[in-house]
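Please open the model in your viewer and keep the sequence panel beside it, since this tour moves from one selection to the next.

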Amino acid sequence: MFAMCLTAAGKVLQPTDLPTPEPGPEQLLIRVLACGVCRTDLHVVDGELPNPKLPLVPGHEIVGTVVKKGEKVERFAIGDRVGVPWLGHTCGVCPYCRSGRENLCDRPAFTGYTLDGGYSEHTVADHSYCFALPAEYSDAEAAPLLCAGLIGYRSLVLAGDARRLGIYGFGAAAHIVAQVARSQGRAVYAFTRPGDHEAQEFARSLGAVWAGGSDETPPEELDAAIIFAPVGALVPAALRAVAKGGIVVCGGIHMSDIPALPYRLLWGERVVRSVANLTRRDGEEFLALAPRVPVRTEVQVFPLAEANEALRRLREGELRGAAVLVP
Ligand SMILES: [Zn+2]
Ligand SMILES: [Zn+2]
């Protein structure tokens, strides 16, 4: 099978011919129909996350068809369309797993990071971490729901009942979260790279009441802000923008260092917190919610062999919505 492989951090992905894997007893063999390109893939490729499996097939927003299954799999049938997310396995016995917080598992495995992912014609995945997908979405449209959507949704939940919600970094996750937030009656304030008028226009087209540069002050104090851009300097900026008691949620897996900040920015019971991974419950909730909003995903489709170009455009901020690879 054809796959795009990472052989060492900091290198471009290599087109590779790999043997098609055999599913284990609990696994599905999946023919990949589409795989989203997430900022986390960029962090893995660039070596900003420690100890990836090498060589590695990246990609953790996988939409595919079950073509074969292990003997213990009962949930899915051959021919079913399934989604494979970032959370690939958890231990089930650590204190986090046993308290409903499997996203924080001590011994997890992650798709496209410590397990091979979906930048490939086929992949295997543990059936109990796969999702059924809403029929309303095409394969490419469904792919970004699986991480941008899920992690975005978890970030939104952790932002509490904020009515005025800031979103820093208006990429794949933000364009989904903005639609959910608006459907819940919240007002969305979108912050983009300074001068990125195209992204600001995109945010307004999705219902943002205000869009501007991350160096600008919004017209009203915010109740909460979610930071999707991997830029630590946005933490003090977001703290400045939120009202007393406001919550700043860091929604990415990696961020540049957060600069020193005066305590008065945190004072007034403001909260800074991160979001780590997802639980299967987040996935079930969000995938049921998305078609009801309805969330519409804007995707730019690339052939699998052009994965490096898709990653480059993500790095340069040249994408509108989400990039999706199609084998
Ligand atoms: Zn665990
Ligand atoms: Zn992701």
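Begin by selecting the zinc ion (ligand 2) in this predicted model, and follow its donor residues along the sequence, where they are spaced C-x21-H-x86-C. One pair of these donors links distant parts of the chain, 87 residues apart: histidine 60 sits in the loop between helix H1 (39-45) and strand S4 (62-69), while cysteine 147 lies in the loop between helix H2 (139-142) and helix H3 (148-158). Show the side chains next, and you will find the ion coordinated by Cys38 through SG, His60 through NE2 and Cys147 through SG, at 2.0 to 2.2 Å. Both histidine 60 and cysteine 147 are buried.

Now select the zinc ion (ligand 1), which is coordinated by the SG atoms of Cys91, Cys94, Cys97 and Cys105, at 2.3 to 2.4 Å. The angles among its 4 donor atoms run from 103 to 119°, and the site is tetrahedral. Along the chain these donors follow the spacing C-x2-C-x2-C-x7-C. Within this set, cysteine 94 and cysteine 105 are 11 residues apart, and each is placed in the loop between strand S6 (87-89) and strand S7 (109-110). Cysteine 94 is buried, with a relative accessible area of 3%, and cysteine 105 is likewise buried, at 7%.

Finally, select cysteine 130, which counts as buried at 1% relative accessibility. How far is its sulfur from the closest cysteine sulfur? That neighbour is in cysteine 35, 13 Å away, which is too far for a bond. A search of the whole structure finds 0 disulfides.

Conventions
Residues are numbered from 1 along each chain as its sequence is written. Chains are lettered from A and ligands numbered from 1 in the order in which they are written. This is a predicted model: local features need pLDDT of at least 70, side-chain atom pairs count only at pLDDT 80 or more; totals for chains, interfaces and linings use all residues. Side-chain values use heavy atoms; hydrogens and water are left out. A disulfide is a pair of cysteine sulfur atoms within 2.5 Å. Buried means under 20% relative accessible area, exposed over 50%, partly exposed in between (1.4 Å probe, protein chains only). Donors are N, O and S atoms within 2.8 Å of the metal (3.2 Å for Na, K and Ca); water is not among the atoms, so sites may look incomplete. Helices (H or I, at least four residues) and strands (E, at least two) are DSSP runs, numbered from the N terminus. Four donors count as tetrahedral if all angles lie between 85 and 135 degrees; four count as square planar and six as octahedral if opposite donors are over 155 degrees apart and all others between 65 and 115; anything else is irregular.
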